[in-house]
Amino acid sequence: MKRALISDIHGNLEALQAVLADIKEQNVDEIYCLGDIIGYGPNPCECLDLVMKNCQVTILGNHDQAALFDPEGFNPVALQAIYWTRDQLDRGPGSSDVVNGRWDFLGELPTFKSDGEFMYVHGSPRDPTNEYVFPEYVYDQRKLEILFGKVERYCFMGHTHLPGVFTSHAEFLTPEDCNYEFPLGDEKILVNVGSVGQPRDDNPLSCYTIVNTIDRMIRFRRIPYDFNITADKIYNEIDLPNQLGDRIKQGR
């Protein structure tokens with residue numbers, strides 16, 4: 001079984017299209033989306049439509065949740081973007097059935113999925129939607145012990161937009177540290193699959209992960225796309241802050 005894991009698309013249509021094209025070339029069996037389809041980016045409806053069409057499992061992200069309910073803990077930029085996103089979802093495109101179908105899809109998303117030794121969340125195994133697990137948490141042994149205590153073997157997540165592997169030995173390995181692949185062994189691990197639409201590791205290339213249960217390997221993939229097109233869309237929307245366009249060009 002080859003399973004592609006995508007996360008944190010954030011309304012970036014160009015990035016999502018590039019990633020889906022690469023996934024097709026990798027001959028994966030299914031695609032899981034770990035949340036935050038929308039928020040920040042200029043094409044929330046189109047990204048939702050592609051996820052609904054292509055992903056066998058989708059998890060609720062905190063920005064997806066914020067579109068449905070009152071946002072909590074959002075900074076002013078994120079708050080402005082989510083209000084704009086709500087308006088876009090209400091206005092279409094498509095018939096009223098299509099518009100309502102997008103809202104229904106968001107409203108029915110689960111907060112996690114467990115599949116034997118595999119767990120899938122947006123945030124963390126303790127708080128599937130909202131808790132961040134940053135690389136510096138390797139210096140907080142108690143926190144890591146609590147998180148690993150919630151995991152049977154492997155947990156995959158997004159939310160921080162920082163791809164890499166947390167080991168039970170209090171290490172965080174970036175994709176570069178492990179040559180873009182890591183084995184599925186007996187050790188418990190937490191894996192951040194990276195961000196499709198808004199990378200924050202100083203690399204503007206889209207990031208997603210493939211899990212192969214045949215050769216027992218995780219592989220990180222970085223995919224180029226024309227981020228200038230996406231950034232220009234943001235700059236042309238008066239209600240989206242320009243810094244959202246700047247950051248996807250900078251990868252931070």
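**View 1. Helices α2 and α4 crossing.** The axes of α2 and α4 come within 9 Å and cross at roughly 65°. Here an axis is a line fitted to C-alpha atoms, for helices over the stretch in contact, and angles run from 0 to 180 degrees between N-to-C directions. The two helices, α2 and α4, are therefore roughly perpendicular to each other; that label goes to angles of 65 to 115 degrees, while under 35 counts as roughly parallel, over 145 as roughly antiparallel and the rest as oblique. On the α2 side the contact is made by Pro44, Cys45 and Leu48, and α4 brings Trp84, Thr85, Gln88 and Leu89. Contact means heavy atoms within 4.5 Å. Helices (H or I, at least four residues) and strands (E, at least two) are DSSP runs, numbered from the N terminus.

A quick note on the model: it's predicted, so local features need pLDDT of at least 70 and side-chain atom pairs count only at pLDDT 80 or more, while totals for chains, interfaces and linings use all residues. Residues are numbered from 1 along each chain as its sequence is written, and side-chain values use heavy atoms, with hydrogens and water left out.

**View 2. Helix α5 and what covers it.** Helix α5 runs over residues 96-107, and at 1.5 Å a residue its twelve residues should span 16 Å; the end C-alpha atoms are indeed 16 Å apart. The expected span is 1.5 Å times one less than the number of residues. Val99, Arg102, Trp103 and Leu106 are the buried residues of α5, with buried meaning under 20% relative accessible area, exposed over 50% and partly exposed in between (1.4 Å probe, protein chains only). These buried residues cover an arc of only 90° around the axis, which puts them on the same side of α5; the arc is that of the directions from the helix axis to the C-beta atoms. Flip to the other side of α5 and you get Asp97 and Gly107, which are exposed. The cover over the buried residues of α5 includes α2 (44-54), α3 (62-68) and α4 (76-91).

**View 3. A cis peptide bond in the α4-α5 loop.** Pro93 sits in the loop between α4 and α5. The peptide bond from Gly92 to Pro93 is cis, with omega near 10°.

**View 4. Helices α7 and α8 side by side.** The axes of α7 (residues 227-235) and α8 (residues 242-250) come within 8 Å and cross at roughly 170°. That makes α7 and α8 roughly antiparallel to each other. Among the residues making the contact are Phe227, Ala231 and Ile234 of α7, and Leu244, Gly245 and Ile248 of α8. Those three α8 residues, Leu244, Gly245 and Ile248, are also buried. Looking down the axis of α8, its buried residues fall within an arc of 100°, so they line one face of the helix. They pack against α4 as well as α7. Just after α8, Gly251 takes a positive phi of about 70°.

**View 5. The nonpolar cores.** The largest nonpolar core has 45 residues, and Ile6, Ile9 and Ile23 have the most contacts inside it. A nonpolar core, for the record, is a set of buried Ala, Val, Leu, Ile, Met, Phe, Trp, Tyr and Cys residues joined through side-chain atoms within 4.5 Å. Helix α1 (residues 13-25) gives the most to this core, with seven residues. Leaving out residues up to four places away in sequence, Ile9 touches a set of residues including Leu16, Cys33, Ile37, Cys47, Val51 and Val196. There's also a second, separate core of 19 residues, which includes Leu5, Tyr32, Leu184 and Ile189.

**View 6. Asp22, a buried acid in α1.** Asp22 is found in helix α1 and counts as buried at 9% relative accessibility. Setting aside neighbours within four places in sequence, Asp22 is in contact with Tyr208, Arg221 and Ile223.

**View 7. Two loop residues with positive phi.** Most residues other than glycine have a negative phi, so the next two are worth a look. Tyr40, in the loop between β2 (30-33) and α2, has phi near 80°. Tyr40 is buried, with a relative accessible area of 7%. Ala170, in the loop between β7 (164-167) and β8 (171-173), has phi near 60°. Ala170 is partly exposed, at a relative accessible area of 34%.
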